[in-house]
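Here are some short questions and answers on how labels are given to parts of a protein model. Look at the structure, then follow each label back to its cut-off.

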Amino acid sequence: MDPYLVYFDLEATGLDVENDEILQIGAVATSGATFTTFIIPQVPISPGAAAVNKFSLNNGVLSREGTVLSSVTMQQGIEDFFNWCHQLSRQEEGRTITLVAHNGRNYDYELLMTCMKRYAVQVPTAFNLNMADTLPCLEPYRRIFGNIKLQTLKNALLNGTSQSHDAVDDCNDLMSVVSALAKKSNKTPWSFLNVEGAVETF
């Protein structure tokens with residue numbers, strides 16, 4: 001049985017996977033089920049990140065473009081996400097959950113694991129969890145589109161507007177891009193993604 005795909009994205013305090021922290025976890029399942037949570041970081045938001053994702057942190061209160069966000073601790077946010085994935089797996093009769101992220105191996109998964117280690121969050125064992133990076137399956141399209149940034153692919157395939165850099169919006173964009181290219185290739189999204197070097201156990 002093919003795994004159940006969950007498109008996954010993080011917004012963060014910066015690009016340093018060893019020292020920065022998660023601000024938002026977003027995920028969209030194949031069924032359309034959606035997860036999002038906002039997290040209070042214990043490190044400052046870099047000016048570069050704030051300029052892109054529009055988050056700000058003042059006196060322990062997380063906001064985006066002036067709107068205060070209901071936020072949780074890092075430990076709770078990550079555990080809530082894994083509990084949501086576990087529920088999906090149970091609803092799908094124990095299917096493996098595969099988290100799908102754009103450049104996930106170099107960024108999203110590394111940052112998630114850094115934060116898990118820092119805040120003593122355990123790898124879930126109640127269900128099977130894999131991670132898939134979209135870059136290997138998209139690499140052949142680099143010569144067609146010039147690059148394989150999500151914004152470029154969105155523009156080419158979805159006639160998209162600029163990325164919002166909201167984690168859930170970016171997940172929806174990635175799912176649509178993968179679905180469109182899989183359809184053009186006469187493949188399912190999973191068979192399109194499952195190329196050498198793309199998938200590993202979490």
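**Labels and their cut-offs**

Q: Why is Arg118 called buried, exposed or partly exposed?
A: Arg118 has a relative accessible area of 34%. Buried means under 20% relative accessible area, exposed means over 50%, and partly exposed is in between (1.4 Å probe, protein chains only). So Arg118 is partly exposed.

Q: What kind of model is this, and how are residues numbered?
A: This is a predicted model, where local features need pLDDT of at least 70 and side-chain atom pairs count only at pLDDT 80 or more, while totals for chains, interfaces and linings use all residues. Residues are numbered from 1 along each chain as its sequence is written, and side-chain values use heavy atoms, with hydrogens and water left out.

Q: What makes Glu21 and Arg118 a salt bridge?
A: A salt bridge is a side-chain nitrogen of Lys or Arg within 4 Å of a carboxyl oxygen of Asp or Glu. The closest N and O atoms of Glu21 and Arg118 are 3.0 Å apart, so the pair fits the definition. Glu21 sits in the loop between strand 1 and strand 2 (22-29), and Arg118 in helix 3, 97 residues apart. Helices (H or I, at least four residues) and strands (E, at least two) are DSSP runs, numbered from the N terminus.

Q: Is Glu21 buried or exposed?
A: Glu21 has 1% relative accessibility, so Glu21 counts as buried.

Q: How many salt bridges does the rule give?
A: The count comes to six salt bridges. Among them is Lys154 with Asp173, at 3.1 Å from N to O. Lys154 lies in helix 6 (residues 150-158) and Asp173 in helix 7 (residues 167-184). Both Lys154 and Asp173 are buried.

Q: Why is the pair of Phe8 and Tyr109 called stacked?
A: Rings of Phe, Tyr and Trp (its six-membered ring) pair if their centres lie within 6.5 Å; planes under 30 degrees apart count as stacked, over 60 as edge-to-face and the rest as tilted. The centres of Phe8 and Tyr109 are 5.9 Å apart and the planes are at 5°, so the pair is stacked.

Q: What makes Phe82 and Phe202 edge-to-face?
A: The ring centres of Phe82 and Phe202 are 5.9 Å apart, with the planes at 75°, so this pair is edge-to-face. Phe82 and Phe202 are both buried.

Q: Which residues form one aromatic cluster?
A: Phe8, Phe35, Phe81, Phe82, Trp84, Tyr109 and Phe202 do.
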